[in-house]
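Biologist: Please put the two-chain model on the screen. I would like to go through its chains, sheets and helices in turn.

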Amino acid sequence: MNITDKKLSAKELPLGDVLDAGTACQFITGGWRSERPVWNKEKCIQCMLCWVSCPDSSIEVTDGKVSGIDLEHCKGCGICAKECPVKPVKAILMEAEKK
Amino acid sequence: MITTTDKKGHIAAKTGNEVMAEAMRQIAPDVVAAYPITPATEVVQIFSQFVADGLVPTEFVAVESEHSAMSACIGAAAAGARTMTGTSSQGLALMWEMLYIAAGLRLPIVMAEVNRALSAPINIHGDQSDTMGARDAGWIQIYSENSQEAYDNMIQAVRIAEKAKLPTMVTTDGFIISHCMEVVEMTADEEVKKFVGPYKPEHRLLDVDKPFTLGAIDLQDYYFEHRWQLAQAMRDAKPIILEVAKDFAKTFGRNYGLFEEYRMDEAEIAIVIIGSAAGTAKVVIDALRAKGIKAGLIKIRVFRPFPAAELAAALAKVKAVAVMDRADSCSGTFAPVFSDIASALYTSLAGQAMPKLINYVYGLGGRDIMPEHFNEVFGRLEKIKAGGPIGETLSYINVRM
């Protein structure tokens with residue numbers, strides 16, 4: 001559920017600017033992208049530098065290994081691609097967002 | 001009048017600052033974060049000595065400015081700590097943005113606010129311009145006439161703030177009350193502790209099992225709803241203040257309301273006033289009453305929330321009223337208390353005969369107001385009552401023109 005869908009009234013709102021914790025994951029920001037990271041599983045050396053650097057916690061990790069990109073929250077900043085150390089071709093490359 | 005009903009209490013000689021520090025010691029808040037400023041310094045200075053001497057287990061945070069003081073208080077209160085502080089004038093002004101944040105986040109911080117004039121020019125003496133300037137911030141404001149009231153108000157403020165979920169400031173007039181020694185009836189530590197009870201916040205940031213978000217951004221679609229809640233909380237605070245006062249009277253034997261009516265029985269002329277000058281005015285009123293002049297006084301204790309309907313009802317039958325303001329508002333028209341009284345009368349007494357209303361600004365920067373000034377005011381009210389012209393609505397008394 002996107003938390004911006006239902007507008008609460010003044011009487012329904014919790015008091016004092018208090019909200020549930022961790023609701024950022026419900027707020028879909030993937031639509032903000034103009035280019036997207038593409039992760040190549042075969043080239044990935046599992047160094048975790050992309051996961052450490054991602055400002056939106058959008059590198060998916062399963063059982064301690066990078067497993068994909070959370071495209072609902074990735075804003076396409078390209079930091080993961082920049083930080084990826086794999087040579088000669090990086091394991092994450094940026095591509096134009098398909099319209 | 002002080003009457004000892006609590007056998008465990010004792011009579012002490014205390015200044016306003018000493019008594020507020022004592023109240024804080026007995027309340028024993030979890031955190032006090034503060035920065036010194038004349039004439040409030042002693043409240044927190046004395047309290048910090050209590051902390052240093054191990055008389056109170058409070059975590060005392062000495063911060064680098066009043067803005068930091070309120071910021072630290074907000075952090076502590078949000079974490080789940082019962083939090084108190086103290087300041088005056090420029091200090092209150094420096095923490096201005098944080099006052100609004102404390103209220104918006106509904107944190108029950110209690111502040112000892114020693115009323116002092118705002119600069120410029122620099123003046124360290126007593127007037128109410130500082131807290132009057134903060135009257136829209138969403139803080140409950142309780143004004144004390146003397147040290148006894150300061151002590152009693154600080155104790156009640158803790159319960160009021162926590163029930164209303166609104167930060168609360170308790171004032172005294174700077175130097176006049178803060179530094180003046182008076183006879184005060186103190187109550188035993190255990191009674192105060194029992195009265196304030198433990199602090200049980202609904203949300204505590206330190207409760208990691210129940211995480212929550214505090215102070216998120218609101219866009220155009222939510223800010224207005226949140227601010228309605230805050231204004232409604234202020235309206236809802238009125239019955240809470242009365243309920244706490246009733247409970248206070250049971251334990252401590254001293255009665256408080258939203259305002260005090262002094263010799264208002266069949267009063268034909270009256271003044272409305274806040275703070276220590278009420279004491280001087282009462283002496284003048286006693287003399288007038290002895291001469292058969294039906295003079296009375298209303299001393300506002302709770303200025304925020306403003307008890308509009310109740311004040312209008314109390315003033316309804318009075319023929320001529322002078323509202324005494326110990327602060328001016330550069331509104332181009334009238335001073336703060338007058339403006340609230342006038343709007344109360346206009347809305348509550350619509351269609352009825354209304355008292356004639358005049359406004360006096362007095363006592364700025366600690367300028368004295370003496371019995372002869374009150375006699376001048378009542379003299380003018382008598383003439384207005386008798387059908388004389390009101391003249392200028394706003395006057396400044398005891399100032400060289």
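Biologist: What percentage of the residues of chain A count as buried?

Modeller: The model is predicted, and the count rests on C-beta neighbours, a residue being buried if 20 or more other C-beta atoms lie within 10 Å of its own. Chain A has 99 residues. The part of chain A that counts as buried is 17%.

Biologist: Why is chain A described as more spread out than a compact globule?

Modeller: Chain A holds two helices and five strands, in the order β-β-α-β-β-α-β from the N terminus. For 99 residues the globule rule gives 13 Å, and chain A is well over that, so it is more spread out than a compact globule. Along the principal axes, its C-alpha atoms fill a box of roughly 60 × 35 × 15 Å. The radius of gyration behind the statement is 17 Å.

Biologist: Of the contacts in chain A with a separation of 6 or more, what percentage is between residues 24 or more positions apart?

Modeller: The base of this percentage is the set of contacts in chain A with a separation of 6 or more. Within that set, the share from residues 24 or more positions apart is 63%.

Biologist: Which element gives the largest share of the side of chain B that touches chain A?

Modeller: The contact takes 13 residues from chain A and 16 residues from chain B. On the chain B side, the elements that give two or more residues are β9 (212–214) and α9 (223–252). By class, that side has six nonpolar, six polar and four charged residues. The largest share, four residues, is from α9(B).

Biologist: Which residue of β9(B) is the bridge partner of A:L19?

Modeller: Strand β1 of chain A, residues 18–20, is joined to β9(B) by three bridges, and the two run antiparallel. In β9(B), the partner of A:L19 is B:T213.

Biologist: What are the edge strands of the seven-stranded open sheet in chain B?

Modeller: The strand order in chain B is β3-β2-β4-β5-β7-β6-β13, with mixed pairing. From one strand to the next, the twist averages 20°. An edge strand here pairs on one side only, and the two are β3 and β13 (302–304) of chain B.

Biologist: Which residue of β3(B) stands opposite B:V31?

Modeller: Strand β2 of chain B, residues 31–34, and β3(B) run parallel and are joined by four bridges. Helix α3(B) lies across β2, β3 and β4 (83–87) of chain B, at about 165° to β4(B). The residue opposite B:V31 is B:E59.

Biologist: Is B:P57 buried or exposed?

Modeller: B:P57 is in the loop between α2 (41–52) and β3 (59–62) of chain B. B:P29 is 28 residues away from B:P57 in sequence, and their C-alpha atoms are 8.1 Å apart. A residue with 12 or fewer C-beta neighbours within 10 Å is exposed. B:P57 has 9 inside that radius, so it counts as exposed.

Biologist: What covers the buried residues of α5(B)?

Modeller: In α5(B), residues 96–104, the buried residues are B:M98, B:L99, B:A102, B:A103 and B:G104. After α5(B) comes B:R106, with a positive phi near 60°. The cover over the buried residues of α5(B) includes α3 (66–79) and α9 of chain B.

Biologist: How many residues of strand β14(B) are buried?

Modeller: One side of β14(B) has B:A320, B:A322 and B:M324, the other has B:V321, B:V323 and B:D325, and all are buried. β14(B) pairs in the parallel sense with β11(B), residues 269–273, over four bridges, and is joined to β15(B), residues 356–361, by six bridges, also parallel. Strand β14(B), residues 320–325, is therefore largely enclosed by the rest of the structure, the buried count being six of six.

Biologist: Which residue of β15(B) is the bridge partner of B:V321?

Modeller: On the β11(B) side, B:I271 is partnered by B:A322 of β14(B). In β15(B), the partner of B:V321 is B:L357.

Biologist: At what angle do α11(B) and α12(B) pack?

Modeller: The axes of α11(B), residues 308–315, and α12(B), residues 336–348, are 8 Å apart. Their contact has nine nonpolar, two polar and no charged residues. Angles of 65 to 115 degrees count as roughly perpendicular, and these helices are therefore roughly perpendicular to each other. The packing angle is about 80°.

Technical notes: Residues are numbered from 1 along each chain as its sequence is written. Chains are lettered from A and ligands numbered from 1 in the order in which they are written. This is a predicted model: local features need pLDDT of at least 70, side-chain atom pairs count only at pLDDT 80 or more; totals for chains, interfaces and linings use all residues. Two residues are in contact if their C-beta atoms, placed from the backbone, lie within 7 Å. Ala, Val, Leu, Ile, Met, Phe, Trp, Tyr, Cys and Pro count as nonpolar, Asp, Glu, Lys and Arg as charged, and the others, Gly among them, as polar. Two strands pair if DSSP finds at least two bridges between them. The radius of gyration is taken over C-alpha atoms; the globule rule is 2.2 Å times the number of residues to the power 0.38. Axes are lines fitted to C-alpha atoms, for helices over the stretch in contact, and angles run from 0 to 180 degrees between N-to-C directions. Angles under 35 degrees count as roughly parallel, over 145 as roughly antiparallel, 65 to 115 as roughly perpendicular and the rest as oblique.
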